[in-house]
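This report introduces a structure to a reader who has not met it before. Please look over the sequence and the model first; the text then proceeds from single residues to pairs of residues and to a sheet.

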Amino acid sequence: MTIPAVTAPHPLAELSEREFTSARNAIIKTHGPDQPLFFRTIYLQEPAKAELLRFLDAEHTGRLTDATPRPTRTARVEYDVLTGKAQLFHRATVNAVTGQVLSNDEIPRTNNGFPHFNVNEFELFEGYCMKSEKVKEALKEYTIPEGFEYTIDPWPYGGPDEDDGIPKIMQGLVFIRDARKSNPDTNHYPYPIPLIPVMDWSTKEIIRIDRLPTGGSEDGMEPSAASQEPRDIFAKSVPAEYVSELLDVPERADLKPLNVVQPEGASFKIHPDNLIEWQKWRFRLSISPREGPVLHDICYDDRSVLYRLSYSELTVPYGDPRAPFHRKQAFDFGDGGIGRAANSLKLGCDCLGAIHYVDACFSAADGTPTKLDSVACLHEQDGGVLWKHTNFRTERGVVARMREFVVQFIATLANYEYIFAFKFDQAGGITVETRATGMVSVVSIEDGKTSKYGNIVSPGILAQNHQHIFAVRIDPAIDLFGGGNNGHTEIVVEECHPVKMNPETNPFGNYYEIRRNPVERATWIDSEVRLNRTIKLENSAKKNPISGKNVGYKLISPATQMLLADTDSRIAQRARFAEHNYWITGHRDGEFWAAGEFTNQSTFEEGGVSDMVKRGDAFAVDGVQATGQTSDPVLWSVFGFTHNPRVEDWPVMPVEIHQMHLRPADFFAANPALDVPTKKNESSVLVACCAEDKANGANGVNGAH
């Protein structure tokens, strides 16, 4: 498709620096220059879906001009008004062009969650703790080796024990690090101190010090008592370094270079407004401070597939039942914003080959735009065999290699790293890949003790059992554009059922039945591998010319364990989304959060998918409009890692990987990748098998094709 040349910014283009500053200044003007404000986020507020779809239809059908009506460019501004010890949270919408404040609401705390923390607040927390006399006194209970210094990781407080109107709180995990090594990257996690300072964020005062249990499973649930004499808990501790210059083992010397070489450059094209084109794919990319990378208007060969695709939430509950570990439950999107935790990616490290990097602009505490470089990398990679067939009569094998286009984003949340990748292939498939790595969260355990709540990974170090449960939000748009009756997207649950042997329909017992159940109302669905339960996204009005079935895509997501916490527990009440593999809800503009907007210190999931389902939104199915008002369906795919740590996860864990796939299902009239070149790769060489043939191996010949 040729993109018409227009001068106005695309409705999905990121805020320009001028628009960003205009929104900030409008808020400052509203309150006056003397009113202290603390800005949390400023970013593009996406247009209403109905309005944007009309614009996209004009764009896709070549009717877009400068005169085409387009949605108003608006900015969403989240900020605090600082009045004494109070922080009054505001959420505003500002016309990014004119600076007009369109709405500005003060959001009261409803005893169920606070606004998310800002990266600036996390950075300040350690300093506040170390100034506290309570913290200093508590630290005197432990003897630390000479040359070590204290360090404190900020952590969301989790769900409070009682809904008693407690203030906005942050807690910290205390460690020491070996400053004698004169290296800021020396690992502090091998040296935990069993104390947690708890701070009232409004006053910046430490309101108490929680003492942690350090016994084994047989020692009961009580925390350790305060000690009158300093205790040496590090006598048997050992370093656990991971950066190369601090390792006490030599790096492998037998690993030869493996280079990704693209002598003619990359095959993708990046436009200034982050429109991306590769092979037959095109989509737009934005970076959300809460969600990280968001993909919009995903199309293949000028046919729409998805309206919007993003990660929505991640909750990490820990399985140690001893207080205060029962509050150890982070929401890495809602509590602090995973977009703000983005790594600045490095060439030749996080992505290989010919790379394009995407920057992001986030708000500083005073609302000024602050650029973070290279938060996403875009590149191509080899994905193995795409398709192959060998004619056994002629012994000729024809093979096409799969090339994937990857949008990759990496975030660090204190100890953990998460790697999110959206992969597009040449056969119309999309893979959403999640990788977890980094450091396991550890606590102290007494020498000689063992625990059923985790695993000993180093002397005095207990890595607690926990889960990581993710939600991906999929807003489908299956072949919606192109004129005529475009139909709408329907969601169908397809299952394969065995049929009992019988003389009429299954005389030999080999027949199985495919059952299709259109989803008529918002609901949740669990995986069932015995039935090959599959979620299909279909266009209600468009039929495949070969099969006669609705054109569509299917979601393939390996079944994973859902939330293990008791359904009546505070952990489960805060994360109802994590109890089922799929949720199907009715679309509402601005509803992006599987666990609700306010997860920080929440006591239950409010406004998340469980509440969306309770609305009972109806969908049109089988091309027939349901009675009453209907909504477009939105699919939420939930999956997770149940992580029972291994010694091999220490000190830094090899990646755990999950992949979910969106694959065309009767969307095309044949294999869409038949036109992928099948020529051999001329850079491949033979490697000799024997040591004495090394010299010959360097001059190996290309393999037959």
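Y416 is placed in strand β19, which covers residues 416-424; strands here are DSSP runs of type E with at least two residues, and helices are DSSP runs of type H or I with at least four, numbered from the N terminus. The model is a predicted one, in which local features need pLDDT of at least 70 and side-chain atom pairs count only at pLDDT 80 or more, while totals for chains, interfaces and linings use all residues. Residues are numbered from 1 along each chain as its sequence is written, and side-chain values use heavy atoms, with hydrogens and water left out.

## Annotated positions

With a relative accessible area of 3%, Y416 is buried. The term buried stands for under 20% relative accessible area, exposed for over 50%, and partly exposed for values in between, with a 1.4 Å probe and protein chains only. Leaving aside neighbours within four places in sequence, Y416 is in contact with Y318, A411, T437, M439, V440, H466, H468, H643 and M653; contact means heavy atoms within 4.5 Å.

An unreviewed UniProt entry gives Y416 the feature "modified residue: 2',4',5'-topaquinone". UniProt also places the feature "active site" (unreviewed entry) at D332 and Y416. These two positions span 85 residues in sequence, yet no two of their C-alpha atoms are more than 10.2 Å apart, so they gather at one spot. UniProt positions are given in the numbering used here with shortened feature names, and such annotations may be inferred rather than shown by experiment.

The other position, D332, lies in the loop between β15 and β16. D332 has 11% relative accessibility and therefore counts as buried. Residues up to four places away in sequence not being counted, D332 touches E313, L314, V316, G337, I338, L413 and Y418.

## Cysteines

A disulfide is a pair of cysteine sulfur atoms within 2.5 Å, and by this rule the count comes to one. The disulfide joins C351 to C377, with an S to S distance of 1.7 Å. Its two ends are 26 residues apart and belong to distant parts of the chain: C351 sits in the loop between β15 (329-331) and β16 (356-363), and C377 in strand β17 (residues 369-391).

C351 counts as buried because its relative accessibility is 2%. C377, at 0% relative accessibility, is likewise counted as buried. Two further cysteines can be placed on the same scale: C299 is buried at 0% relative accessibility, whereas C361 is partly exposed at 33%.

## Salt bridges

A salt bridge is a side-chain nitrogen of Lys or Arg within 4 Å of a carboxyl oxygen of Asp or Glu. A search of the whole structure finds 52 salt bridges, and the table lists examples.

| Salt bridge | N to O distance |
|---|---|
| R40 and D80 | 2.5 Å |
| D297 and R282 | 3.6 Å |
| K542 and D479 | 3.8 Å |

The first row links distant parts of the chain, with R40 in strand β1 (residues 37-45) and D80 in strand β2 (residues 74-83), 40 residues apart. R40 and D80 are both buried.

In the second row, D297 belongs to strand β13 (residues 292-300) and R282 to strand β12 (residues 281-288), so the pair ties together parts that are 15 residues apart in sequence. D297 and R282 are both buried. A network of salt bridges links E59, D273, R282, R284 and D297.

In the third row, K542 is found in strand β28 (residues 534-543) and D479 in the loop between β24 (466-476) and β25 (489-498), 63 residues apart. Here too, K542 and D479 are buried.

## An open sheet

How many strands does the open sheet have, and in what order? It has 10 strands in the order β16-β17-β18-β19-β20-β32-β29-β28-β25-β26, with antiparallel pairing. Two strands pair if DSSP finds at least two bridges between them. The edge strands, each pairing on one side only, are β16 and β26 (512-518). Direction ignored, neighbouring strands of this sheet are turned by 25° against each other on average; axes are lines fitted to C-alpha atoms, for helices over the stretch in contact, and angles run from 0 to 180 degrees between N-to-C directions.

Within this sheet, β28 and strand β29 (residues 550-556) run antiparallel and are joined by five bridges. The bridge partner of I535 in β29 is L555.
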